[in-house]
Amino acid sequence: MTPPLDLSRRQFLTAASLAAGTALLAGCAPGAVSGSSTETLQFWHLLSGGDGVTMSSLLDQVNGAQSAFRIRPTVLAWGTPYYTKLAMAGAGGRAPDVAIMHATRTVGWAPGGLLDTWDLDRLAELGVDESTFPKPIWEKGFVGEHMYSVALDAHPFVLMFNTDVCDAAGVLDSDGRLQATNSPEAFLDQLRTVSGTASGHALSYGYLGDGAQMWRLFYGLYAQHGLTMELPIGGKAVIDKDAAVESLTFMQTLLDGEIAAAQNDYGSAIAEFATGKSGMLMTGVWELRTMQAADLPFDATMIPTLYGTPAVYADSHSFVLPHQANADPAKRDLTYQFVADMLKNSFGWAEAGHIPAFLPVTQSPEYDDLIPQAHYAEAAEHVVYDPTAWFTGSGSSFQGEFGAAVQGVLLNGDDPAAAIDRFERRVNTLLAQPNPADPEGKWNA
């Protein structure tokens, strides 16, 4: 369907609903750099820590490579605060020229007109098109027939392993890579072997109070069954209960006190692996810098394919165009050039651990020499995102709802089937509620 164009009142109501009372953040004054013809482009993002440092470096490179535009970044707190302020900025007429969003969040924004669409022809003129992206990453940029986000990366949930510990356990192949396992039983056997050489646990996995951590592993395993969840707004969740129970039961099996600690939070799991006490770690690629700083002998790979279908849970940091009622054509075109420049020069983003979405970067000889990144780059072809609904995605409450429903299974040995039923009821309650950006359901009509 055609995207909404003139929806200022609706956009305000939409953003107000999303904001839940959060105050509007005024953006910096736009325009050209004083005394020059260089245009200033406002860029909002939510990247902090090591990722924030890397992003600043990339922006410095882009700013220094040309004189047509200068990027002025604004960094806001990750999660709900960021998305609330971005929504209110768009509704209040103070939207930045370009912003970062998680690809999984755009479906909740597009119906309310809070985002403008990308012109595919203009992107193609700049060398950015379907052929330059892994298929699942490119397709995730679309909501309906229109592209709303252009991915910078994929940041998947992966398996890191201590090469010294695993070598001592005899589970590395002749190339020093982790021996492949293709069933739950084989992977469990491998982990038990590693537990004999690790001073701590075979596997570090933190989950306590962290719905995102529980969901990342669960949904990757569920997708390995060749399945996705369907969440039709106004309908009922379509969840294969057998696959869901099997996946959750396997997670429960890992937490036996030998393979992995029965009770571990995220920080404790990171610390256990970083200090060389465990053989493996399930985490996101964003922890690569942490392990490099720990001077740890380690490598990384995709989570093993245990149920037949290669699949890895991920999200993507993506460029979006917050809605502007009267976008300046010249600045909008410069924004396209900025995004193309960032994609083409995203090798530095790869060094930070993320998998660049732009294939010419990951297919370059330089990337082949980037270890361990090159060893999990294939994950980009098998990424699985959150099931599509207005309430899912990184920084949303959906993953927290999953954690609340299933944590008792991992912590106390509760019944996995009952937990999946509990989760399904929670999701069906959300499905019965209209998207605040599309309360009448017209977008899906």
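Here a biologist and a modeller talk through a predicted model, one question at a time.

Biologist: Let's start with the rings! How many aromatic pairs does a search of the whole structure find?
Modeller: Rings of Phe, Tyr and Trp pair if their centres lie within 6.5 Å. Searching the whole structure with that cut-off gives a total of 23 aromatic pairs.

Biologist: Take Phe43 and Phe338 as an example. Is that pair stacked or edge-to-face?
Modeller: The two ring centres are 5.4 Å apart. Planes under 30 degrees apart would count as stacked, and planes over 60 as edge-to-face. The planes of Phe43 and Phe338 stand at 65°, so this pair is edge-to-face.

Biologist: Which parts of the chain does the pair of Phe43 and Phe338 tie together?
Modeller: Both partners are buried, since Phe43 has 0% relative accessibility and Phe338 has 0% relative accessibility. Phe43 belongs to one element and Phe338 to another, so the pair ties together parts that are 295 residues apart in sequence. Those parts are strand S2 (residues 39-45) and helix H13 (residues 329-344).

Biologist: Now Phe402 and Phe423: at what angle do their planes lie?
Modeller: Phe402 sits in helix H18 (residues 398-412) and Phe423 in helix H19 (residues 416-431), so this pair ties together parts 21 residues apart in sequence. Both Phe402 and Phe423 are buried. Their ring centres are 5.1 Å apart, and the pair is edge-to-face because the planes stand at 90°.

Biologist: Which residues do ring pairs link into a cluster with Phe402 and Phe423?
Modeller: Phe402 and Phe423 are a ring pair, and further ring pairs extend the group. Together with these two, the cluster holds Trp215, Phe218, Tyr219, Tyr222, Trp390, Phe391 and Phe398.

Biologist: Helices H9 and H18 pack together. Are they roughly parallel or roughly perpendicular?
Modeller: The axes of helix H9 (residues 211-223) and H18 are 7 Å apart, and the packing angle is about 80°. Angles from 65 to 115 degrees count as roughly perpendicular. So H9 and H18 are roughly perpendicular.

Biologist: And how many residues of the contact of H9 with H18 are charged?
Modeller: On the H9 side, the contact includes Met214, Trp215 and Phe218. On the H18 side, it includes Phe398, Phe402 and Val406. The contact residues divide into 8 nonpolar and 5 polar, and the number of charged ones is none.

Biologist: Let's visit helix H11. Is Gly267 buried or partly exposed?
Modeller: In helix H11 (residues 266-274), Tyr266, Ala269, Ile270, Glu272, Phe273 and Ala274 are buried. The buried residues of H11 pack against several elements, including H9 and strand S9 (153-162). Gly267 is also found in H11, but its relative accessibility is 45%, so Gly267 counts as partly exposed.

Biologist: Which residue has a positive phi although it is not a glycine?
Modeller: Most residues other than glycine have a negative phi, so a positive one catches the eye. The residue in question lies in the loop between H12 and S12 and is exposed, with a relative accessible area of 68%. Its phi is about 55°, and its name is Asp295.

Biologist: Which two residues does a cis peptide bond join?
Modeller: Most peptide bonds are trans. In this cis bond, omega is about 10°. One partner, Pro372, lies in the loop between H16 and helix H17 (373-376), and the bond joins Ile371 and Pro372.

Biologist: Is Tyr367 buried or exposed?
Modeller: Tyr367 lies in helix H16 (residues 365-368). Beyond its sequence neighbours, it touches residues including Phe347, Ile355, Pro356 and Val361. Buried means under 20% relative accessible area, and at 1% Tyr367 counts as buried.

Biologist: Last one! How far apart in space are Leu359 and Phe133, C-alpha to C-alpha?
Modeller: Leu359 is found in helix H15 (residues 359-362) and, at 12% relative accessibility, counts as buried. It touches Phe133, along with others including Ser131 and Pro134. Leu359 and Phe133 are 226 residues apart in sequence, and in space their separation is 5.5 Å.

Conventions. Residues numbered from 1 in each chain as written. Predicted model: local features only at pLDDT ≥ 70, side-chain atom pairs only at ≥ 80, totals over all residues. Heavy atoms only, no water. Phe/Tyr/Trp six-rings, centres within 6.5 Å; stacked < 30°, edge-to-face > 60°. Helix = DSSP H or I, 4+ residues; strand = E, 2+ residues; numbered from the N terminus. Buried < 20%, exposed > 50% of the residue type's maximum accessible area, 1.4 Å probe, protein only. Axes fitted to C-alpha atoms, helices over the stretch in contact; angles between N-to-C directions. Parallel < 35°, antiparallel > 145°, perpendicular 65-115°, else oblique. Contact = heavy atoms within 4.5 Å. Nonpolar A, V, L, I, M, F, W, Y, C, P; charged D, E, K, R; others polar. Lists of a residue's contacts leave out its neighbours within four places in sequence.
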